[in-house]
Amino acid sequence: MAEVAPGAEFQFIAHLPQYGLDWPIADSEWKGGLPAVTPNETSTVWGAVFAVPDKEFDQLDKAETREGRTAQSIEAMDRNGKRHQVMIHTRDGNGSPHTPSSDYVAIMLAGSRHWGLPFGWIAGLQEHLGDRF
């Protein structure tokens, strides 16, 4: 995010109820699967929400498109239960699952810790790294 949208400003922590994290995007540069959020009645995806300046959103969108994701507006819920319309980048449809990229998961894990995301979310990410964490 900092590379393609340096003007992005943190807004709040939110989650996507009834969404899960899948790894449908094979990427040789990352040496493994890249994530996408997909509907899943038994899961919740957590993350940080940023305000991205309009002039930088195009760069962010291009970076996400290169990784196989497209922009989609969706309703997220903050920690106080307030609903917000947010833009996410996800992959349409299901792809074959891939082994998650350890490097990508490590970045997600560092960000999750930095923003104080729930322990259960962090523990779930750590499972993808096995003994590496």
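For this tour, Ala, Val, Leu, Ile, Met, Phe, Trp, Tyr, Cys and Pro count as nonpolar, Asp, Glu, Lys and Arg as charged, and the others, Gly among them, as polar. Keep in mind that what you have open is a predicted model.

**Stop 1: the largest pocket**

Start by selecting Met1, Leu60, Glu64, Tyr104 and Met108. Of the 42 residues that line the largest pocket, these lie nearest its centre. The volume here is about 1700 Å³. Sort the lining by class and you get 30 nonpolar residues, seven charged and five polar.

Now colour by secondary structure. Which elements each supply at least two residues of this lining? Three are strands, E1 (9–27), E2 (32–51) and E4 (83–90), and three are helices, H1 (54–66), H2 (102–114) and H3 (119–127). Strand E2 gives the most, with nine residues.

**Stop 2: the second largest pocket**

Next, pick Gly20, Leu21, Ser43, Thr44 and Trp121. They lie nearest the centre of the second largest pocket, which has 15 lining residues and a volume of about 210 Å³. E1, E2 and H3 each supply at least two residues of that lining, and the largest share again belongs to E2, with six residues. By class, the lining has nine polar residues, five nonpolar and one charged.

**Stop 3: the salt bridges**

Side chains of opposite charge can pair when their charged atoms come close. How many salt bridges does the structure hold? There are three.

Go back to Glu64 and show its side chain together with Arg69: they meet in a salt bridge, 2.8 Å from N to O. Then add Glu67, whose side chain meets Arg69 in another salt bridge at 2.6 Å, N to O. Is this spot buried or exposed, judging by Arg69? Arg69 is buried because its relative accessible area is 3%, under the 20% cut-off. Glu64 also counts as buried, at 18%, and Glu67 is buried too.

For the remaining bridge, select Glu75 and Arg83, where the closest N and O atoms are 3.0 Å apart. Here Glu75 is partly exposed at 40% relative accessibility. Arg83 is exposed, since its relative accessible area of 52% is over the 50% cut-off. Back at the other two bridges, shared partners join Glu64, Glu67 and Arg69 into one network.

**Stop 4: the aromatic rings**

A pair of aromatic rings is described by the distance of the centres and the angle of the planes. The count for this model is four aromatic pairs. Two of them are on the tour.

Select Phe10 and Trp115 first. Their rings are stacked, 4.1 Å centre to centre with 10° between the planes. Phe10 sits in strand E1 and Trp115 in the loop between H2 and H3, so the pair ties together parts that are 105 residues apart in sequence. Both are partly exposed: Phe10 has a relative accessible area of 33%, Trp115 one of 29%.

Now move on to Trp30 and Tyr104. This pair is edge-to-face, at 4.8 Å centre to centre and 75° between the planes. Trp30 is in the loop between E1 and E2 and Tyr104 in helix H2, which puts the partners 74 residues apart. Trp30 is partly exposed at 22%, whereas Tyr104 counts as buried at 15%. You have met Tyr104 before, among the residues nearest the centre of the largest pocket.

To finish, bring Phe10 and Trp115 back and add Phe50: together these residues form one aromatic cluster.

Terms used
Residues are numbered from 1 along each chain as its sequence is written. This is a predicted model: local features need pLDDT of at least 70, side-chain atom pairs count only at pLDDT 80 or more; totals for chains, interfaces and linings use all residues. Side-chain values use heavy atoms; hydrogens and water are left out. On a 1 Å grid over the protein atoms alone, a cavity is a set of points where a 1.4 Å probe fits but cannot get out, and a pocket is an open set with protein on both sides within 12 Å along at least five of seven lines; lining residues have an atom within 4 Å of a point. Grid points are joined across faces, edges and corners, and a volume is the space filled by probe spheres set on the points. Helices (H or I, at least four residues) and strands (E, at least two) are DSSP runs, numbered from the N terminus. A salt bridge is a side-chain nitrogen of Lys or Arg within 4 Å of a carboxyl oxygen of Asp or Glu. Buried means under 20% relative accessible area, exposed over 50%, partly exposed in between (1.4 Å probe, protein chains only). Rings of Phe, Tyr and Trp (its six-membered ring) pair if their centres lie within 6.5 Å; planes under 30 degrees apart count as stacked, over 60 as edge-to-face and the rest as tilted.
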